[in-house]
Amino acid sequence: MPHRAELTVPALRAWMAERGFPRYRATQVLAWVYRRGVSDFAAMSDLARELREALAAAFVISRLTPSVVTRSADGTRKLLFQLDAGAAIESVLIPDPPRLTLCISSQAGCGMGCAFCATARLGLLRNLSANEIVGQVVAAQAELQPGERISNIVFMGMGEPLANYDAVVEAIEILTAEWGIGLSSRRITVSTVGLVPAMARLVRDTAVQLAVSLSATTDAQRQRLMPVNRRFPLEALLTMCRALPIPQRRRITFEYVMLGGVNDTVEDADRLVRLLHGIRAKVNLIPFNAFPGGGFAPASDAAIRRFQERLLAGGVHASVRQSRGQDIQAACGQLALAHGGVRHETAKRQADRSHRAASVP
Ligand code: SAH
C-alpha cells in the first residue's frame with residue numbers, strides 16, 4: 001500500500017478540492033471523525049463506497065489512547081498519553097458541577113522556564129499537532145460517565161499554547177466547529193505567559209477567552225519567576241491588554257500563583273490594582289502547588305485572603321482557584337511529575353538547578 005498521510009483538516013480539504021468534490025464532503029468526513037469518533041472510513045455510511053475506499057487508501061485517522069488514567073479522591077481524572085519516545089503529555093478532567101472542565105496540553109514539556117512550574121523542568125520536548133491537541137478531548141470524552149459532558153476546555157496543561165500558535169488555532173477551529181466538538185468559543189480559555197504579539201493575533205483570529213499568567217507586580221520580580229518577562233516586560237504586556245478589542249461583556253483573566261514570602265504581600269496586591277487599571281480584568285489567585293525540588297513555599301491561607309480582599313477593595317474582580325487533583329499530581333504546575341522517561345531528566349535538571357541556586361550569593 002502506498003504511504004498514507006495522517007488525516008488533517010487542511011489535507012482533507014485539499015484532497016477533496018483536487019478531486020472536484022464540493023466542500024461539504026470534507027465536512028461530512030470530519031463530522032464522522034470528530035463528532036462521532038469514528039476512526040475507520042468504512043463506517044462512514046453516507047459516503048459512496050468508492051470515495052470511502054479512496055480516502056482509506058490516502059489517509060490514516062490517528063487516535064490518542066491514554067496509557068494511564070488516574071483518579072483523584074475529589075473526582076479529578078488525569079489522562080497520561082505516551083506520544084512517542086520521550087514525549088508524554090497529560091490532560092486533566094475536572095468536575096465542578098454543573099461544569100466539567102478539561103485541561104489540555106499544547107506542547108510536550110515547555111520552553112518558558114517559569115521557576116515555579118514542574119513542566120518547565122522538562123524543557124520543550126516538542127510541539128503537539130492540532131490532532132494531538134483535539135485527540136486529548138476525544139480520548140477524554142471516551143472516559144466520561146453516563147450523563148457527563150465536557151462543558152469547558154482550558155489550555156492550561158503542559159506547554160505554552162501561543163508558542164505553538166498554528167496548531168492551537170487549528171485545534172480551536174475543530175473544537176468550536178459544528179462538525180467538530182461543537183463547543184462555544186466562550187467556553188474555551190487559552191492561557192499564556194504573555195507572548196504579546198501572539199496574544200493580539202489570537203484575539204483577531206478566534207473568539208476564545210484569554211488568560212494571562214502574571215504572578216508578579218514588578219519587572220524585577222517577574223523576571224526572576226518568569227524569564228519571558230525579559231522579552232515582554234509588564235509595560236508591554238499590559239499596554240497590549242489595554243488595547244485588545246475584548247468584547248464588552250468579557251474580561252481578561254490574570255492568573256497569579258501565590259508564592260509565600262515572594263509575591264503575596266499587601267504591597268503586591270496594591271501594585272496589582274494599579275497595574276490592572278483600565279483593563280476589564282479578573283484575577284484568579286492560584287495557591288502554589290508544591291512539587292519536589294520546587295524551591296517555593298505556598299502562601300498562607302491568611303495571606304491569600306488578605307490579598308484577595310485588597311484586590312476587591314481596589315475594585316478588581318478576584319477569586320481564589322480551588323486546587324484540584326493534588327493527590328494525583330494533576331494540579332496546576334504539577335504536570336510532568338509522574339512519568340518514567342521524564343523522571344530521570346527532571347531529577348537531573350533539579351540537580352542542576354539546586355547547584356546553580358547554591359552558587360548564587
Ligand atoms: N503556559 C501557559 C499555560 C499553562 S497554564 C501559562 O503559563 O499560562 C498553567 C497555570 O498554572 C499558569 O497560570 C501557571 O502560572 C500556573 N502554575 C504553574 N506552576 C504552578 C504551581 N506549581 N502551582 C500553582 N500554579 C502553577
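Contact here means heavy atoms within 4.5 Å. With that settled, I opened this predicted model and began with a single leucine.

**Entry 1: L55.** I asked which residues L55 touches, leaving aside those up to four places away in sequence. My list reads L12, W15, M16, V29, F41 and L47.

**Entry 2: the core.** Next I looked up the largest nonpolar core and found 123 residues in it. L55 turned up again, together with V29, F254, V283 and L311, as the members that touch the most other members. I then checked which helix gives the most to this core: helix α5, residues 165-176, with eight residues. Where does the core lie with respect to domain 1 and domain 2? Domain 1 (5-60) and domain 2 (68-345) both give residues to the core, so I noted that it lies between them.

**Entry 3: the whole chain.** I stepped back and found 11 helices and 14 strands in the chain. The radius of gyration came out at 22 Å, and the globule rule gives 21 Å for 361 residues; the two are close, so I put the chain down as being as compact as a globular protein of that length. Along the principal axes, the C-alpha atoms fill a box of roughly 70 × 50 × 40 Å.

**Entry 4: contacts and surface.** I took the contacts with a separation of 6 or more, and 65% of them join residues 24 or more positions apart. Buried residues make up 53% of the 361 in the chain. Last, I looked up the accessible surface: about 16,500 Å², with 52% of that belonging to carbon and sulfur atoms.

Conventions: Residues are numbered from 1 along each chain as its sequence is written. This is a predicted model: local features need pLDDT of at least 70, side-chain atom pairs count only at pLDDT 80 or more; totals for chains, interfaces and linings use all residues. Side-chain values use heavy atoms; hydrogens and water are left out. A nonpolar core is a set of buried Ala, Val, Leu, Ile, Met, Phe, Trp, Tyr and Cys residues joined through side-chain atoms within 4.5 Å. Buried means under 20% relative accessible area, exposed over 50%, partly exposed in between (1.4 Å probe, protein chains only). Helices (H or I, at least four residues) and strands (E, at least two) are DSSP runs, numbered from the N terminus. Domain bounds come from an automatic or database domain assignment. The radius of gyration is taken over C-alpha atoms; the globule rule is 2.2 Å times the number of residues to the power 0.38. Accessible areas come from the Shrake-Rupley method with a 1.4 Å probe; for residues, only the protein chains shown count as cover.
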